[in-house]
Amino acid sequence: MFVLGIDTSCDDTSAAVVVDGHQTLSSVVHSQINIHHPYGGVVPELASREHLRNLVPVAEKALSGAGIRPEDLHGIAVTVGPGLIGSLLIGLYYGKALSYVHNIPLVAVNHLEGHILSIFLEDEIPDFPFLTLTVAGGHTSIVHVRGFGNYELLGQTLDDAAGEAFDKIAKILGLGYPGGVVIERLSQSGRKDRIGFPRALLSPDSLDFSFSGLKTAVALFVKKWRQEKNPPVKLEDIAASFQEAVVDVLVQKLMRAREKTGVNTLVIAGGVACNKALREKLRETAERNGFKFYYPRPSYCTDNGAMIALAGYHRMLDGQVADLSVDVRSRFPLKDLRPLSHRAKGPGPS
Ligand code: KG4
Ligand code: ZN
């Protein structure tokens with residue numbers, strides 16, 4: 001089954017064609033980084049205008065790249081939330097129009113479910129159950145994944161998301177938006193043990209996250225550092241020490257989740273999952289402790305239409321087709337997802 005996946009939840013306009021929820025035939029992402037870079041964050045009004053300008057060519061490129069026509073599609077999967085309302089609306093209305101004109105089923109997809117399942121776009125896939133750490137610009141969570149559509153939220157951020165922390169620190173350091181990539185690059189020539197920034201682990205058994213204290217600690221440090229004439233600490237040391245504090249907390253929380261659930265297969269997803277320090281630390285920890293660790297390639301970690309096509313495919317198999325009255329939702333917690341009756345073990349129809 002050919003499914004077109006569309007995501008316009010934040011600042012990337014993306015579309016992809018995926019076969020049977022596994023094989024990506026094409027994946028096109030139009031980034032808006034240049035537009036938002038000067039503002040140090042995403043400007044919602046500009047984001048929706050850019051989606052409006054770019055979505056049709058992006059979707060057409062995805063279809064031509066897959067070598068198919070719209071009428072060959074078996075489904076159109078569109079992110080309906082969570083995300084920026086104006087941006088989501090562009091994707092949903094385009095999906096509705098395409099669905100109506102060509103009489104193709106429309107599927108409403110939760111963006112977080114897309115991230116959680118993104119590992120199934122790879123050749124090497126985990127068996128259920130597994131734990132997914134989703135670390136993105138808007139969300140940080142650990143979810144116990146028992147099957148497609150069968151999720152238990154174990155912990156989430158109480159304030160800033162991990163990616164948001166990277167973006168805010170980059171802004172404080174005057175490095176522009178988005179922050180993750182540039183902080184990672186600077187960190188490579190800095191000392192990660194130079195500054196002992198705080199790690200908020202909360203209560204001993206908590207699987208929730210909090211990054212606002214770390215953000216304040218870095219901001220205060222940078223304020224003093226800027227006043228020094230010849231500071232012994234380099235910008236690169238601040239970046240590396242901050243990155244280490246985030247990675248440390250993410251890894252420790254994932255280890256706690258593993259102990260609590262007894263689940264020994266770990267998966268990471270979301271934009272921050274591109275981070276090499278995080279991948280490396282989890283890979284080493286997995287090797288030392290004998291558990292399985294899976295991560296999608298970077299282009300499947302950041303927002304993409306392929307993960308939406310994949311999640312939509314499983315909803316479609318379950319008969320969860322949307323009608324034209326479906327609307328977008330700025331908030332869309334996983335607990336609001338309808339359960340799936342089928343419990344596939346891997347990609348492809350079950
Ligand atoms: O998943 P994503 O593309 O969008 C959301 O759903 O939010 O994630 C974007 C976030 C941004 O905050 C960005 O700074 C962060 O992912 N990010 C990174 C890296 N690449 C992207 N953070 C740390 N290291 C990276 N290499
Ligand atoms: Zn995302």
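Along the chain of this predicted model, the donors of the zinc ion (ligand 2) fall into the spacing H-x3-H-x187-D. His111 and His115 each offer NE2, Asp303 brings in OD, and the coordination distances come out at 2.0 to 2.1 Å. As for geometry, the site of the zinc ion (ligand 2) is tetrahedral, with angles of 96 to 132° among its four donor atoms. His115 belongs to helix H4 (residues 111-117), while Asp303 sits in the loop between helix H10 (298-301) and H11, so this pair ties together parts that are 188 residues apart in sequence. Both His115 and Asp303 are buried.

Then there's the sheet. Five strands make up an open sheet with mixed pairing, in the order E3-E2-E1-E4-E5. The edges go to strand E3 (23-31) and strand E5 (106-110); each has just a single partner strand, so one side of each is left without a neighbour in the sheet. On average, neighbouring strands are turned by 20° against each other, ignoring direction. Strand E4 (residues 75-81) and E5 run parallel and are joined by five bridges, and Ile76 is found opposite Leu106 in E5.

Two helices come into the picture here. Helix H3 (residues 85-102) packs on the sheet, where it touches strand E1 (2-7), E4 and E5, and its direction makes about 155° with that of E4. Helix H11 (residues 305-317), for its part, lies across E1, strand E2 (12-19), E3, E4 and E5, and runs at about 125° to E1. H11 also brings things back to the metal: the loop that holds Asp303 lies between H10 and this helix.

How values were computed: Residues numbered from 1 in each chain as written. Chains lettered and ligands numbered in written order. Predicted model: local features only at pLDDT ≥ 70, side-chain atom pairs only at ≥ 80, totals over all residues. Heavy atoms only, no water. Pairing = 2+ DSSP bridges. Helix = DSSP H or I, 4+ residues; strand = E, 2+ residues; numbered from the N terminus. Axes fitted to C-alpha atoms, helices over the stretch in contact; angles between N-to-C directions. Contact = heavy atoms within 4.5 Å. Donors = N, O, S within 2.8 Å, 3.2 Å for Na, K, Ca; no water. Tetrahedral: all angles 85-135°; square planar, octahedral: opposite > 155°, others 65-115°. Buried < 20%, exposed > 50% of the residue type's maximum accessible area, 1.4 Å probe, protein only.
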